[in-house]
Amino acid sequence: LKADYDSGLLEDVYNLVESNVVSDYMGQADQLLGESIPGQHGYVPAAVLCGAVLEDTLRRMCLRQMLPISILKRSGDKKTLGALIDDLQKANAYNKMKADQLRSWAKVRNYAAHGEFHEFNKREVEAMINGVKGFIADYL
């Protein structure tokens with residue numbers, strides 16, 4: 001076990017498990033979106049779940065930077081999606097255009113989580129899910 005750890009083998013296993021978990025959650029978001037009934041905001045759970053996966057992904061990206069970025073505020077509370085996006089952009093993990101795209105997905109998640117269902121629609125959640133999948137594939 002020590003030799004496997006020293007050679008980095010366990011990190012590869014960890015990344016594989018992590019990848020499978022993320023894939024499962026994104027599959028659930030797809031399923032929730034597909035099962036939504038028109039006119040009843042059934043796509044809201046898909047937006048919330050996808051947003052949670054995005055937030056988790058950004059936290060992991062912060063910790064994996066050459067100089068790890070803190071995922072906590074000075075108060076000890078977890079940073080918001082916006083702060084994580086800003087910190088990673090400042091670290092040049094991605095460009096301004098990607099950061100703007102991430103902010104738009106964060107808005108959808110926040111609207112969904114706070115009951116502001118009139119601020120987004122099913123097509124935007126579908127675009128968010130597809131975009132987050134692509135982001136994870138490209139950056140994680």
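A residue counts as buried here when its relative accessible area is under 20%. With that cut-off in hand, let us walk through this predicted model. Of the 140 residues in the chain, 34% count as buried.

The overall layout is quick to take in. The chain holds six helices and zero strands, so reading from the N terminus, the elements simply run α-α-α-α-α-α. As for how the chain folds back on itself, residues 24 or more positions apart account for 59% of the contacts with a separation of 6 or more.

Let us begin with a pair of helices. Two packed helices are described by the angle between their axes and the distance between the axes. Helix α3 spans residues 44-63 and helix α6 spans residues 122-139; their axes come within 10 Å and cross at roughly 20 degrees. Angles under 35 degrees count as roughly parallel, and α3 and α6 are therefore roughly parallel to each other. Their crossing is left-handed. On the α3 side, the contact is made by Ala46, Ala47, Cys50, Gly51, Val53, Leu54, Thr57, Leu58 and Met61, while α6 contributes Val125, Met128, Ile129, Val132, Phe135, Ile136 and Tyr139. Sorted by character, the residues of this contact come to 14 nonpolar, two polar and no charged.

Helix α6 also has a link to helix α2, and aspartate 30 is a good place to see it. This aspartate lies in α2, which covers residues 9-34. Is aspartate 30 buried, partly exposed or exposed? Its relative accessibility is 30%, so aspartate 30 counts as partly exposed. Once its neighbours within four places in sequence are set aside, aspartate 30 is in contact with Ile129 and Lys133. Ile129 is also one of the α6 residues that meet α3. Aspartate 30 and glutamate 126 offer another view of this part of the fold: 96 residues separate them in sequence, yet their C-alpha atoms are 8.0 Å apart in space.

Now turn to helix α4, residues 81-90, where Leu81, Leu84, Ile85, Asp87 and Leu88 are buried. Seen down the axis of α4, these buried residues fall within an arc of 165 degrees, so they line one face of the helix. What do they pack against? Their partners are α3 and α5, the latter running over 96-113. Just beyond α4 comes asparagine 92, which has a positive phi near 65 degrees.

The pairing of α4 with α5 is worth following too. Their axes come within 10 Å and cross at roughly 170 degrees. Angles over 145 degrees count as roughly antiparallel, and α4 and α5 are therefore roughly antiparallel to each other. From α4, Leu81, Ile85, Asp86 and Gln89 meet Lys96, Ala99, Leu102, Arg103, Ala106 and Arg109 of α5. This contact divides into five nonpolar residues, one polar and four charged. For the α3 and α6 contact, by comparison, the tally includes no charged residues.

One last residue brings several of these elements together. Glutamate 55 lies in helix α3, and with a relative accessibility of 12% it counts as buried because that value falls under 20%. Not counting residues up to four places away in sequence, glutamate 55 touches Lys79, Leu81, Leu84 and Arg109. Leu81 and Leu84 are among the buried residues of α4, and Arg109 is one of the α5 residues that meet α4.

Note on methods: Residues are numbered from 1 along each chain as its sequence is written. This is a predicted model: local features need pLDDT of at least 70, side-chain atom pairs count only at pLDDT 80 or more; totals for chains, interfaces and linings use all residues. Side-chain values use heavy atoms; hydrogens and water are left out. Axes are lines fitted to C-alpha atoms, for helices over the stretch in contact, and angles run from 0 to 180 degrees between N-to-C directions. Helices (H or I, at least four residues) and strands (E, at least two) are DSSP runs, numbered from the N terminus. Angles under 35 degrees count as roughly parallel, over 145 as roughly antiparallel, 65 to 115 as roughly perpendicular and the rest as oblique. A crossing is left-handed if the near helix is turned anticlockwise from the far one by less than a right angle, and right-handed if clockwise. Contact means heavy atoms within 4.5 Å. Ala, Val, Leu, Ile, Met, Phe, Trp, Tyr, Cys and Pro count as nonpolar, Asp, Glu, Lys and Arg as charged, and the others, Gly among them, as polar. Buried means under 20% relative accessible area, exposed over 50%, partly exposed in between (1.4 Å probe, protein chains only). The arc is that of the directions from the helix axis to the C-beta atoms.
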